[in-house]
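Biologist: Hello! I am new to this structure and would like to learn how to read it. Could you walk me through it?

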Amino acid sequence: MHTHWLERCAVMDLELIRGLDIAAIEQTYDKRDTILYALGLGYGENPLDEQDLPFVYEEGLRILPSYANLLCHPGFWAQRPEFDIDWVRLLHAEQDFVMHRPLPATGTLRGTFRVAGVEDKGADRGALLHQEKALFDVADDSHVATVRSTLFLRGDGGQGGYGEGVAPAKALPDRAPDRIVTIATSPRQALVYRLSGDWNPIHADPAIARKAGFDAPILHGLCTNGIACRALVREYCGNDPRRLIRLFVRFTKPVIPGETIRFEFFEEGEGEIRFRALIDGDDRIVLDRCTAAFA
């Protein structure tokens with residue numbers, strides 16, 4: 001048995017995870033929720049920017065499709081003690097959404113959730129846990145979106161796996177980017193963003209962040225994802241969020257609130273963009289091998 005397992009005195013319960021049964025979740029969101037999500041992504045920093053206004057003002061309100069990542073979320077179930085997951089060391093590895101129809105600016109959705117599989121990378125390399133969520137509009141039962149996420153269980157490798165894996169993301173083109181966009185984050189951005197529903201204390205409590213190996217609370221991966229969505233909608237969709245129908249990102253390093261993110265976009269033919277995101281100043285890659293698709 002490995003040293004870290006001895007320190008934890010616990011082994012992840014794969015059979016309990018395999019049998020995880022979460023009832024369908026309904027969530028109603030109104031204009032306040034939609035606007036708060038946009039504020040958490042930095043919209044409205046310049047109140048005179050008329051391109052930002054539709055996302056933070058109820059008249060003609062627009063919503064980013066990345067909000068689908070948060071809606072009908074089953075909560076931080078991996079923190080529950082019966083699963084014996086080393087949740088303090090858990091990181092978000094990948095996020096992928098596909099829109100089957102535009103996300104309404106306000107409404108009620110129903111979400112169904114499953115764990116598709118656990119992929120064991122080895123005792124010293126952790127494990128990948130793959131989740132899938134389907135979102136339906138309660139008003140007409142239409143399928144709105146499919147959302148897939150992968151969690152990196154840094155402390156739970158070497159304990160076996162089951163189910164479905166995911167093909168590795170393709171490398172980016174080996175050339176200069178076609179377009180570069182920078183977006184600054186705010187030092188308090190994580191504290192605003194968490195009000196949209198991700199309460200993991202690693203993003204707010206300095207003591208827990210240090211316990212997880214970080215010098216300070218880090219920005220939510222889904223906030224970085226949403227900022228990427230914001231950049232894509234503005235640069236490639238004419239500020240119409242309904243045109244973005246897929247966004248896949250691979251999280252590689254955390255963002256510290258207050259840092260500036262530089263997006264490098266590679267235009268790969270009509271309807272597809274490949275991209276990555278780096279921290280302006282030290283070129284630390286925080287999103288890599290990403291893909292966006294447009295209607």
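Biologist: What pLDDT does the protein average?

Modeller: This is a predicted model, so a good habit is to begin with the predictor's confidence in each residue. Here the protein averages a pLDDT of 92, and 97% of the residues score at least 70.

Biologist: Over which residues does pLDDT stay under 50?

Modeller: That happens over residues 1-8. The model has 18 contacts beyond four places in sequence for residues 1-8.

Biologist: Thanks! Now the strands. How many bridges join β1 to β3, and in which sense do these strands run?

Modeller: When reading a sheet, look at which strands pair and in which direction they run. Strand β1 (residues 25-29) and strand β3 (residues 107-122) run antiparallel and are joined by 5 bridges. To find a place to look, take Thr-28, whose bridge partner in β3 is Thr-108.

Biologist: Which strand follows β3 through a hairpin?

Modeller: That is β4, which a hairpin of 3 residues joins to β3. The pairing of β3 with β4 (residues 126-137) is antiparallel and covers 12 bridges. One of the paired positions is Gly-122, with Gly-126 as its bridge partner in β4. There is also β6 (residues 162-163), which runs antiparallel to β3 and is joined to it by 2 bridges. In that pairing, Gly-163 of β6 stands opposite Gly-117.

Biologist: Let us turn to rings. How many aromatic pairs does a search of the whole structure find?

Modeller: The search finds 10. For each pair, read the distance between centres and the angle between planes. Tyr-29 and Tyr-67, for instance, are edge-to-face, at 5.6 Å centre to centre with 90 degrees between the planes. This pair links distant parts of the chain, since Tyr-29 is in strand β1 and Tyr-67 is in the loop between α4 (53-56) and β2 (90-99), 38 residues apart.

Biologist: Are Tyr-29 and Tyr-67 buried or exposed?

Modeller: Both Tyr-29 and Tyr-67 are buried. Another pair to view is Trp-77 with Phe-83: the ring centres are 5.1 Å apart and the planes meet at 80 degrees, so this pair is edge-to-face. Trp-77 counts as buried because its relative accessibility is 4%, and Phe-83 counts as buried at 1%.

Biologist: Which residues form one aromatic cluster?

Modeller: Tyr-236, Phe-263, Phe-265, Phe-275 and Phe-294 do. Rings can also have a charge over them. The charged end of Arg-18 sits over the ring of Tyr-162, 4.4 Å from its centre. Similarly, Arg-230 has its charged end over the ring of Tyr-43, 4.9 Å from the ring centre.

Biologist: Can we try a single residue? Why does Arg-148 count as buried?

Modeller: The cut-off for buried is under 20% relative accessible area. Arg-148 has 15% relative accessibility, so Arg-148 counts as buried. Next, place the residue and list its neighbours. Arg-148 lies in strand β5 (residues 143-153), and its side chain makes a polar contact with the side chain of Thr-150 at 3.1 Å. Beyond four places in sequence, its contacts include Glu-94, Asp-96, Glu-132 and Phe-248.

Biologist: How many residues apart in sequence are Arg-89 and Arg-154?

Modeller: They are 65 residues apart in sequence, with 5.7 Å in space from C-alpha to C-alpha. Arg-89 lies in the loop between α4 and β2, and counts as partly exposed because its relative accessibility is 28%.

Conventions
Residues are numbered from 1 along each chain as its sequence is written. Side-chain values use heavy atoms; hydrogens and water are left out. Helices (H or I, at least four residues) and strands (E, at least two) are DSSP runs, numbered from the N terminus. Buried means under 20% relative accessible area, exposed over 50%, partly exposed in between (1.4 Å probe, protein chains only). A polar contact is a pair of N or O atoms within 3.5 Å; within protein, one must be able to donate a hydrogen and the other to accept it, and residues adjacent in sequence count only if both atoms are side-chain atoms. Contact means heavy atoms within 4.5 Å. Two strands pair if DSSP finds at least two bridges between them. Rings of Phe, Tyr and Trp (its six-membered ring) pair if their centres lie within 6.5 Å; planes under 30 degrees apart count as stacked, over 60 as edge-to-face and the rest as tilted. A charge sits over a ring if NZ of Lys or CZ of Arg is within 6 Å of the ring centre and within 35 degrees of the ring normal. pLDDT is the predictor's confidence in each residue, from 0 to 100.
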